[in-house]
Amino acid sequence: MSSPEIASLSWGQMKVQGSTKTYKDCKVWPGGSRAWDWRETGTEHSPGVQPADVEEVVQKGVQTLVIGRGMSEALKVPPSTVEYLKKQGIDVRVLQTEQAVKEYNALVAQGVRVGGVFHSTC
């Protein structure tokens with residue numbers, strides 16, 4: 001099962017291949033995607049993406065996780081989250097969201113078991 005490509009990205013909107021929904025923020029993994037609701041874990045721009053935010057994607061058996069920090073990189077990713085992912089044996093890439101989507105789609109095209117968490121505004 002491969003990861004779905006990000007079909008389109010613009011400020012505040014993302015479309016994922018195979019889904020009819022338009023996401024503001026989303027999580028993607030081999031075989032699926034869903035909205036990323038920050039309220040589930042109390043996420044805010046600072047301190048940012050917590051291990052609880054990525055746990056669901058980690059559990060899908062990804063080799064690589066791409067984190068999109070927003071269009072203006074306002075969303076932080078603390079070292080503790082990166083360390084958590086590395087301890088799980090996951091290659092983590094933290095990028096501005098447009099670059100993150102390009103990287104994620106390139107990995108999908110290479111057949112990597114990749115997941116992502118993407119923020120499409122600020």
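Modeller: A residue counts as buried when its relative accessible area is under 20%, as exposed when over 50%, and as partly exposed in between. The model we are looking at is predicted. Ask away!

Colleague: Thanks! Which residues of α3 are buried?

Modeller: Let's find the helix: α3 covers residues 97–109, which makes 13 residues. Its first and last C-alpha atoms are 18 Å apart, close to the 18 Å expected at 1.5 Å a residue. The buried residues along α3 are Thr97, Ala100, Val101, Tyr104, Asn105, Leu107 and Val108.

Colleague: Why do these residues lie on the same side of α3, and how wide an arc do they cover?

Modeller: An α-helix has 3.6 residues a turn, so residues three or four places apart point the same way. The buried residues of α3 are on the same side because, around the axis, they cover an arc of only 160 degrees.

Colleague: And which exposed residues sit on the face turned away from the buried side of α3?

Modeller: The buried residues of α3 are occupied with strands: they pack against β1, β2, β4, β6, β7 and β8. The face turned away from that buried side carries two exposed residues, Lys102 and Ala109.

Colleague: Which residue just after α3 takes a positive phi?

Modeller: Both α2 and α3 are worth checking at this point. Just after α2, Gly89 has a positive phi of about 80 degrees. Just after α3, the residue with a positive phi, of about 85 degrees, is Gly111.

Colleague: Let's stay with α2. How wide an arc do its buried residues cover?

Modeller: The buried residues in α2 are Thr81, Tyr84 and Leu85. They are on the same side of α2 because their arc around the axis is only 95 degrees.

Colleague: What do the buried residues of α2 pack against?

Modeller: We can set the outward face aside, where Pro79, Lys86 and Lys87 are exposed. The buried residues of α2 pack against one helix and two strands, namely α1, β6 and β7.

Colleague: Which helix gives the most residues to the largest nonpolar core?

Modeller: That core has 17 residues, and those with the most contacts inside it are Val49, Val54, Leu65, Ile67 and Leu85. At least two residues each come from α1 (51–58), β6 (64–68) and α2 (79–87). With three residues, the element that gives the most to this core is α1.

Colleague: How many residues are in the second, separate core?

Modeller: Among the members of the second core are Val16, Val28, Ala100 and Tyr104. Ala100 and Tyr104 are also on the list of buried residues in α3. The number of residues in this second core is 15.

Colleague: Which residues does Pro51 contact, leaving aside its neighbours within four places in sequence?

Modeller: Pro51 is placed in helix α1. Its relative accessibility is 23%, so it counts as partly exposed. With those sequence neighbours left aside, Pro51 is in contact with Ser80, Thr81 and Tyr84.

Colleague: Is β6 largely enclosed or open, and why?

Modeller: In a regular strand the side chains alternate between the two faces of the sheet. From β6, Thr64, Val66 and Gly68 point one way, while Leu65 and Ile67 point the other way, and all are buried. Because five of the five residues of β6 are buried, the rest of the structure leaves this strand largely enclosed.

Colleague: Which residue in β7 is the bridge partner of Ile67?

Modeller: The strands β6 and β7 run parallel and are joined by five bridges. Across from Ile67, the bridge partner in β7 is Val94.

Colleague: Which are the edge strands of the open sheet that contains β2?

Modeller: This open sheet has three strands in the order β1-β2-β3, with antiparallel pairing. Between β1 and β2 there are four bridges, and Ser10 stands opposite Gln13 in β2. The strands that pair on one side only, and so form the edges by the pairing rule, are β1 and β3.

Colleague: Last one! How many disulfides does the whole structure hold?

Modeller: A disulfide is a covalent bond between the sulfur atoms of two cysteines. Cys26, buried at 0% relative accessibility, has its closest cysteine sulfur in Cys122 at 15 Å, which is too far for a bond. Cys122 is partly exposed, at 26% relative accessible area. For the whole structure, the number of disulfides found is zero.

Definitions and conventions:
Residues numbered from 1 in each chain as written. Predicted model: local features only at pLDDT ≥ 70, side-chain atom pairs only at ≥ 80, totals over all residues. Heavy atoms only, no water. Core = buried A, V, L, I, M, F, W, Y, C linked by side-chain atoms within 4.5 Å. Buried < 20%, exposed > 50% of the residue type's maximum accessible area, 1.4 Å probe, protein only. Expected span 1.5 Å × (residues − 1). Arc of directions from axis to C-beta. Contact = heavy atoms within 4.5 Å. Disulfide = S-S within 2.5 Å. Pairing = 2+ DSSP bridges.
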